[in-house]
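Dear colleague,

I am handing over the structure we spoke of, and my notes on it follow below. Please read them with the model open beside you.

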Amino acid sequence: AIDAGLAAELLRSAPFVVFAKRAPSTLPEYNEDTDFTYFYFSDAMQRESGIFPSFLAPDRNAKSDFPPEDYPGYFRDDVAVCMDYPFPKIKVITEPWGTPATTTILETRKTSATIADQLYMLGWFAP
């Protein structure tokens with residue numbers, strides 16, 4: 001078995017972006033101002049996007065970080081993943097991605113898990 005500290009270090013230094021968002025207990029209802037806040041981003045986020053993981057503070061979510069025409073889709077997708085893709089089920093998404101550091105096509109894989117009574121939307125992505 002891997003201890004929690006070692007697991008966290010392995011995820012932090014993974015060669016791809018690992019991320020997690022806290023999901024509300026009220027699903028399918030949610031609040032775009034307060035729900036699906038960022039919980040974790042690995043160090044690869046800075047390398048792949050030019051955005052430091054520390055910038056993605058726990059009070060930020062898709063509404064704070066995406067244009068008004070885009071962010072509602074992220075919330076709908078997070079709800080669907082949390083309700084329809086409990087681990088070990090995986091949702092695979094292939095889409096264009098543009099940041100200050102890169103423009104590319106991403107493959108994103110998402111699932112959900114409840115840990116200590118908190119539901120999380122978990123994922124990873126790489127070009």
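Aspartate 117 is exposed, with a relative accessible area of 80%, and I begin there, with the reminder that this is a predicted model. Aspartate 117 sits in the loop between strand 4 and strand 5, and its phi is positive, at about 65°, although the residue is not a glycine. Alanine 116 belongs to the loop between strand 4 and strand 5 as well, and there too phi is positive without the residue being a glycine, with a value of about 50°. Since its relative accessibility is 76%, alanine 116 counts as exposed.

Two peptide bonds also deserve a look when you go through the backbone. Leucine 27 and proline 28 are joined by a cis peptide bond with omega at about 15°, and proline 28 is placed in the loop between strand 1 and strand 2. The bond from phenylalanine 87 to proline 88 is likewise cis, with omega near 15°, and proline 88 is found in the loop between helix 4 and strand 3.

Turning to the interior, the largest nonpolar core has 21 residues, and those that touch the most other members are Leu27, Phe36, Phe41, Cys82 and Phe125. At least two residues of this core come from each of strand 1, strand 2, helix 2 (44-49), helix 4 and strand 5, with helix 4 supplying the largest share, five residues.

Cysteine 82 is placed in helix 4 and is buried, its relative accessible area being 9%. If residues up to four places away in sequence are not counted, cysteine 82 touches Ala23, Leu27, Phe36, Ser112, Leu119, Tyr120 and Met121. Between cysteine 82 and threonine 111 the C-alpha to C-alpha distance is 7.0 Å, while the two are 29 residues apart in sequence.

Phenylalanine 41, when its neighbours within four places in sequence are left aside, is in contact with Val17, Val18, Phe19, Pro53 and Leu56. This leads to the aromatic residues, among which the structure holds 11 aromatic pairs. One of them is the stacked pair of phenylalanine 19 and phenylalanine 41, with 5.9 Å from centre to centre and 20° between the planes. Because phenylalanine 19 lies in strand 1 and phenylalanine 41 in strand 2, this pair ties together parts that are 22 residues apart in sequence. Phenylalanine 19 and phenylalanine 41 are both buried.

How are the rings of tyrosine 30 and phenylalanine 36 arranged? Their centres are 6.3 Å apart and their planes stand at 70°, so the pair is edge-to-face. Tyrosine 30 is partly exposed, with a relative accessible area of 29%, whereas phenylalanine 36 counts as buried at 1% relative accessibility. There is, besides, one aromatic cluster formed by Phe19, Tyr38, Phe41, Trp97 and Phe125.

I also looked at the pockets. The largest pocket has a volume of about 470 Å³ and a lining of 23 residues, of which Met45, Phe66, Tyr74, Trp97 and Phe125 lie nearest its centre. The elements that give two or more residues to this lining are strand 1 (17-22), strand 2 (38-41), helix 4 (71-84), strand 3 (91-98) and strand 4 (103-115), and strand 3 gives the most, with four residues. Sorted by class, the lining of the largest pocket has 14 nonpolar, four polar and five charged residues.

For the second largest pocket the volume is about 250 Å³, and the lining is made up of 13 residues, with Leu11, Ala20, Phe39, Tyr40 and Leu122 nearest the centre. Helix 1 (4-12), strand 1, strand 2 and strand 5 (118-126) each supply at least two residues of that lining, and the largest share, four residues, comes from helix 1. By class, the lining of the second largest pocket has 12 nonpolar residues, one polar residue and no charged residues.

With kind regards

Note on methods:
Residues are numbered from 1 along each chain as its sequence is written. This is a predicted model: local features need pLDDT of at least 70, side-chain atom pairs count only at pLDDT 80 or more; totals for chains, interfaces and linings use all residues. Side-chain values use heavy atoms; hydrogens and water are left out. On a 1 Å grid over the protein atoms alone, a cavity is a set of points where a 1.4 Å probe fits but cannot get out, and a pocket is an open set with protein on both sides within 12 Å along at least five of seven lines; lining residues have an atom within 4 Å of a point. Grid points are joined across faces, edges and corners, and a volume is the space filled by probe spheres set on the points. Ala, Val, Leu, Ile, Met, Phe, Trp, Tyr, Cys and Pro count as nonpolar, Asp, Glu, Lys and Arg as charged, and the others, Gly among them, as polar. A nonpolar core is a set of buried Ala, Val, Leu, Ile, Met, Phe, Trp, Tyr and Cys residues joined through side-chain atoms within 4.5 Å. Buried means under 20% relative accessible area, exposed over 50%, partly exposed in between (1.4 Å probe, protein chains only). Contact means heavy atoms within 4.5 Å. Rings of Phe, Tyr and Trp (its six-membered ring) pair if their centres lie within 6.5 Å; planes under 30 degrees apart count as stacked, over 60 as edge-to-face and the rest as tilted.
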